Amino acid sequence: MAAAAPRSAWRRQDEEGKVLVLEENWQPWQRTRRRVRGCLVVVKRLLFRVGDDWYFLFTLGVLMALVSFAMDFTVSRVASAHAWLYQEVGDYPVLKFLSWTMYPVALSAFSTGFAQSITPHAGGSGIPELKTILTGVILEEYLAIQNFGAKVVGLTCTLACGSTIFLGKVVSASPASRQPFQLAAVGPFVHLSSIIAAYLGRIRTTVSGGYENRSKQNEMLVAGAAVGVATVFGAPISGVLFSIEVVSSHFAVRDYWRGFFAATCGAFMFRLLAVFSSEQEAITALFKTSFQIDAPYDLPQTLLFMLLGAVCGVVSCAYLFCQRWFLAYVRRSPLTAKLLASEKPLYSALVALLLSSITFPMSLGQFMASKLSMKELLTSFLDNRTWSALSQNASLARPLQVDPLNLWQEWWDPDLTIFGTLLIFVVMKYWMLILATTMPMPAGYFMPVFVYGAAIGRLVGEAAAFLLPQGVASGVFTSPISPGAYALAGAAAFSGAVTHTLSTALLAFEMTGQIAHLLPLTLAVLVANAIAQKFQPSFYDGTIIVKKLPYLPRIRSRHMGSYKVTTREFMKTDFLALPKDAAFREILGVVTSTGDPEFPVIDNAATSLLVGLVQRSELIQFLQTHEEQEGEAPSDQTLGDACAISPVTLQLSPWTSLHQAHHLFELLNLQQAFVTQLGKIVGVVSRNEIRKAIEDLANPNPQN
C-alpha cells in the first residue's frame with residue numbers, strides 16, 4: 001500500500017504534465033509570440049540600462065497630473081452647477097436655503113457612504129497612516145488599489161461641496177474666469193500618489209526581475225508623497241520639502257533626486273494640461289500678487305511680522321489642542337460613537353447641514369463672505385489694497401453677485417466694518433473647521449488651515465494699516481503697509497505651525513511668484529513653529545495619537561531625562577527563546593503560545609548565548625513539514641537543521657539610553673531589538689516598550 005501511493009502520485013503528475021504540454025502546443029502564433037517576447041526582452045534591456053527608476057517616477061508624475069486635472073475639471077463643473085442652482089431659484093428664501101444646504105449634504109453623505117462601503121481606510125487625510133508606514137509598520141490594506149477608486153470618487157464629492165463646509169478646496173467656481181482650476185487636498189493626494197507609487201513599485205519588481213524589499217518600497221513612497229503635494233499646488237520644490245518634513249522622521253539623501261524628478265514631472269504636466277485645455281493662457285503663478293518690490297518693508301515692519309507669527313503660534317496651539325480633544329470626544333461619546341460605528345453617512349450629513357446652514361448667505365453667512373469659493377477667499381485676502389481705506393472712500397451697496405475684480409466688497413458691511421466681518425470669520429471658522437475634521441470622509445485639511453491663517457494675517461495687516469495709514473518711515477524711506485503681505489505671512493505661519501513645517505514659507509512664494517517678503521515671512525513661520533512645537537504635537541501627530549496608530553512619539557527637547565533612562569529599566573524580560581537544538585514539540589509550544597513574528601535563537605538553555613533569530617513563517621513551515629512524521633515517529637531534525645537562522649546585526653546593551661534606542665528604531669525602522677550582555681540575551685525591546693517609556697517620561701507617576 002505504501003508503494004501504491006507514490007506510484008499513483010507519479011501517474012497524476014505525468015498526466016498533468018501532458019495536459020500542460022498539449023495546452024502549450026495548441027496556443028496560436030507560437031513563432032510570432034516568441035519573436036515578440038524576444039523583442040520585449042531586448043527593449044527592456046536597452047531601456048533599463050540607464051536605470052528603471054526614471055521611467056517609473058516619470059509615470060508616477062504623469063498619472064497623478066492626469067488624476068488631479070480630471071478631478072479639478074469635474075469639481076469645477078459640479079461647483080458651477082451649485083452656483084447656477086442657487087441663482088436660478090429666484091428670490092425665495094426657502095428655496096435658496098434648500099439649494100444652498102441640500103447640495104453639500106447630499107454630496108457629503110454620498111462621499112462618506114461610497115468610500116466606507118468599499119474600504120474603511122479611504123476616509124480622512126491619509127498622511128498619518130503614511131507616516132506610520134514609513135517608520136516600518138506594515139499597513140498593507142492602506143495601500144490597496146481599491147482604496148484609490150474609493151478615495152478619488154469620495155474626494156471629488158467632498159471638494160464639490162464648496163466652501164460651505166470649509167474642507168480642502170481651492171477651485172474657481174466659474175469656468176469662464178480663465179483661471180486654472182486647482183485642488184488643495186494635500187493629504188488625500190498624498191494618499192492617492194502613495195497607492196500608485198506602491199503599485200508601480202510592484203510592477204517594477206516584476207518587470208526588472210529584482211526582489212522587493214522595504215527600502216525600495218520606501219523610496220517609491222517618499223517620491224509618491226512629493227508628487228502628491230506638487231500636483232496639488234504646482235510647486236515641485238516646496239512639495240518635496242513639505243513631504244519630507246511631514247511624512248519622514250529620517251530622510252535618505254539618495255531619495256532626494258527621486259522626489260524632485262517625479263514632483264517636477266507631475267507639476268509640469270499638470271500646468272501643461274491647464275494650458276492645452278484653454279483654462280490658462282500661459283504657465284503662471286497660481287495666486288499672482290502685485291506686492292511692492294522697491295522697499296516692501298522696513299525693520300519696524302519685520303517686528304510686526306514676528307508679532308504676527310507669535311499670534312499664529314498661540315492660535316495654532318489652541319486649535320491643535322481643541323481639535324485633538326474634540327476628535328477624541330466624538331469617538332468616545334455614546335451618541336456620536338454609535339453614529340460613526342453604524343451610520344457614518346448620516347453623521348456627515350448632519351454636520352454638513354449644520355455648517356451649510358450657518359454659512360447661508362442670507363443669514364450669518366453674509367458676514368463671512370460665504371459666497372466666495374476657497375480660491376476666491378484666498379485671492380481676496382492677498383489683495384494688495386487696504387480694505388478699510390476703500391470702504392471709507394466709497395459708499396457702496398453689497399453686489400447681488402460676486403465681482404471677481406472687487407472681491408473685497410463681500411467683506412464690507414456698513415454696520416460691522418471690515419474689522420467686524422474679518423473677526424466674525426476668524427471666530428466662526430475656528431470651531432467650524434474643528435467640527436468639519438471629524439467627518440469620516442476623504443478630505444484635505446491643509447488648505448482650510450492655510451486660508452484661516454491668511455484671514456488672521458489680513459486682520460492684523462488691516463489693523464496695522466489703520467493705525468499707520470502713511471506707512472512706516474525709516475530715515476528718508478517710507479515703506480507702506482500691505483495687508484496682503486501680512487495675509488500671506490499669516491497663511492504660511494499658521495499652516496506651518498499646525499503641521500510643524502517650515503516649507504510653507506517656500507510654498508507661499510511658489511504660489512504667488514514673488515519673494516519680496518522673504519525675510520519677514522520666514523521669521524513669522526519660524527516664530528510660529530517655535531511656539532507650536534514647544535507646546536503641542538502637529539495636526540498629523542495628533543491624529544495618530546487619537547487613532548492609536550503604532551507610531552513612535554517624538555521625544556521633546558525638554559525631556560532631557562531620556563538620556564538617563566536605560567534599556568534595562570523598560571525592556572521586556574519575560575520572552576520566549578528557542579534553543580538551536582529545539583525539536584518539534586518545543587517549537588510547537590512556542591509558536592502556539594504567542595504571535596510574535598520572529599523569535600531569538602540561543603545556543604542552549606544553560607548559556608542563553610544569542611546566535612540569531614528565526615522567522616515565524618520558517619517555524620510554521622517546519623511544523624507543517626514534520627507533522628506527518630510526528631504522528632508516526634519522532635523526527636530527529638532540530639531547529640538548527642531545518643530552519644534558516646538569520647544573524648542579528650543590531651543588539652542593544654542594558655545601558656543603552658532611551659534616547660539612543662528611540663533614535664535607532666526611527667532610523668532603521670526596527671520593530672524590535674534584542675538586549676544582550678556579554679553575548680547572553682537578557683531582554684527584548686519593541687515599539688510598545690519604547691512608547692510606554694516615553695509616555696512615562698512625559699507624564700511621570702508621582703508615586704514612583
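**Exercise 1. Strands 3, 4 and 5**

Task: In which sense do strand 3 and strand 4 pair, and over how many bridges?

Solution. In this predicted model, strand 4 covers residues 598-602, and strand 3 pairs with strand 4 in the parallel sense over two bridges. One of the residues concerned is P579, whose bridge partner in strand 4 is I602. Next, place the pair in its sheet: three strands, in the order 3-4-5, form an open sheet with mixed pairing. Strand 3 (578-579) and strand 5 (610-615) are at the edges with a single partner strand each, so one side of each has no neighbour in the sheet.

**Exercise 2. Strands 6, 7 and 8**

Task: Which strands stand at the edges of the sheet with the order 6-7-8, and why is one side of each left without a neighbour?

Solution. Start with the sheet, which is open, has three strands and shows mixed pairing. The edges are held by strand 6 (651-652) and strand 8 (680-686); each has a single partner strand, and therefore one side of each lacks a neighbour in the sheet. Now look at the partner of strand 6. Strand 7 (residues 672-677) runs parallel to strand 6, and two bridges join them. Within this pairing, Q651 stands opposite F674 of strand 7.

**Exercise 3. An aromatic pair**

Task: Why is the pair of F242 and F446 described as edge-to-face?

Solution. The structure contains 19 aromatic pairs. A pair of aromatic rings is described by the distance of the centres and the angle of the planes. For F242 and F446 the centres are 5.2 Å apart and the planes stand at 70°. Planes over 60 degrees apart count as edge-to-face, so this pair is edge-to-face. Then locate the two residues: F242 belongs to helix 9 (residues 236-247) and F446 to helix 17 (residues 446-467), so the pair ties together parts 204 residues apart in sequence.

**Exercise 4. A salt bridge**

Task: Which parts of the chain are tied together by the pair E129 and K547?

Solution. The count of salt bridges comes to four. In one of them, the side chains of E129 and K547 meet at 2.9 Å, N to O. E129 is in helix 5 (residues 127-134) and K547 is in helix 21 (residues 539-547), so the salt bridge links parts that are 418 residues apart in sequence.

**Exercise 5. Two surface patches**

Task: Which helix gives the largest share of the nonpolar patch?

Solution. List the members: Y92, V94, L95, L98, M102 and L353 make a nonpolar surface patch of about 560 Å². Helix 4 (residues 93-118) gives the largest share, four residues. L353 lies in helix 13 (residues 344-358).

Task: Which residues gather in the patch of positive charge?

Solution. The residues are R31, R33, R34, R35 and R37, on the surface. Of these, R34 is part of helix 2 (residues 30-47).

Note on methods
Residues numbered from 1 in each chain as written. Predicted model: local features only at pLDDT ≥ 70, side-chain atom pairs only at ≥ 80, totals over all residues. Heavy atoms only, no water. Pairing = 2+ DSSP bridges. Patch = residues over 30% accessible without salt bridge, like charges linked within 9 Å, V, L, I, M, F, W, Y side chains within 5 Å. Areas by Shrake-Rupley, 256 points an atom, 1.4 Å probe, with all protein chains shown as cover. Lys, Arg positive; Asp, Glu negative; His and termini not counted. Charge placed at Lys NZ, Arg CZ, Asp CG, Glu CD. Phe/Tyr/Trp six-rings, centres within 6.5 Å; stacked < 30°, edge-to-face > 60°.
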